[in-house]
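Please read through the structure below with the sequence at hand. The explanation starts at one helix and then moves outward to other parts of the chain.

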Amino acid sequence: MSAKDDSLPTEPVDFAVDLTGHEMTRRAHVMNALGAEWDPVEVMRGEEEAYDRLYSGLDQEQQRLYDTLVAAGVLPRRGGDAASG
């Protein structure tokens, strides 16, 4: 075993790394990959439409389960009073 090196601190040392520049570079690369035609509002509309379709046309048992999950706060209420409505 080697002798203790007195030049090294014995107490914890403050250590910080600022990743702000790296995060901005990462975001720029993501936006570049998405392309100029990417429309976040249209994407959100598409997702809402997909959820509306997912919860439409439910049979009686599916509707009961959906209503139970909405009442429990697991799912948001979609559309009117009934998912299939």
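Begin where helix α3 begins: there, a side-chain oxygen of D59 comes to within 3.2 Å of the backbone nitrogen of E61. Keep in mind that this is a predicted model.

Helix α3 covers residues 60–71, which makes 12 residues. From its first C-alpha to its last, α3 reaches 16 Å, close to the 16 Å expected at 1.5 Å a residue. Which residues of α3 are buried? They are Q63, Y66 and V70. Seen down the axis of α3, these buried residues fall within an arc of 60 degrees, so they line one face of the helix. A general point about helices helps here. An α-helix has 3.6 residues a turn, so residues three or four places apart point the same way. After α3 comes G73, and the phi of G73 is positive, near 80 degrees.

Helix α3 also holds a salt bridge. R64 pairs with E61, and their closest N and O atoms are 2.6 Å apart. Both residues lie in α3, 3 residues apart, about one turn of the helix. Are these two residues buried or partly exposed? R64 has a relative accessible area of 45%, so it is partly exposed, and E61, at 47%, counts as partly exposed too. E61 therefore appears twice in this account: its backbone nitrogen has the side-chain oxygen of D59 within 3.2 Å, and E61 forms the salt bridge with R64.

Now move to helix α2, residues 40–54. In this helix R45 forms a salt bridge with E42, with 3.4 Å between the closest N and O atoms. R45 and E42 are 3 residues apart, about one turn of α2. R45 counts as exposed because its relative accessibility is 51%, and the cut-off for exposed is over 50%. E42, at 44%, counts as partly exposed.

Helix α1 covers residues 20–34. Here E23 forms a salt bridge with R26, and the closest N and O atoms are 2.7 Å apart. Being 3 residues apart in α1, E23 and R26 are separated by about one helical turn. E23 has a relative accessible area of 26% and is partly exposed; R26, at 44%, also counts as partly exposed. This pair belongs to a network of salt bridges that links E23, R26 and R27. For the model, the count comes to 8 salt bridges, and those described here are among them.

Helix α1 also takes part in a nonpolar patch on the surface. Which residues make this patch? They are V30, M31, L34, W38 and V43, and the patch is about 400 Å². The largest share of the patch, 3 residues, comes from helix α1. One of the patch residues, M31, is found in α1. With a relative accessible area of 46%, M31 is partly exposed.

Finally, look at the segment after α3, where R78 lies. Is R78 buried or exposed? R78 counts as buried because its relative accessibility is 12%, and buried means under 20%. The side chain of R78 has a partner: a polar contact of 3.2 Å joins it to the side chain of D52.

Note on methods. Residues numbered from 1 in each chain as written. Predicted model: local features only at pLDDT ≥ 70, side-chain atom pairs only at ≥ 80, totals over all residues. Heavy atoms only, no water. Helix = DSSP H or I, 4+ residues; strand = E, 2+ residues; numbered from the N terminus. Expected span 1.5 Å × (residues − 1). Buried < 20%, exposed > 50% of the residue type's maximum accessible area, 1.4 Å probe, protein only. Arc of directions from axis to C-beta. Polar contact = N/O pair within 3.5 Å; in protein donor to acceptor, adjacent residues only side chain to side chain. Patch = residues over 30% accessible without salt bridge, like charges linked within 9 Å, V, L, I, M, F, W, Y side chains within 5 Å. Areas by Shrake-Rupley, 256 points an atom, 1.4 Å probe, with all protein chains shown as cover. Salt bridge = Lys/Arg side-chain N within 4 Å of Asp/Glu carboxyl O.
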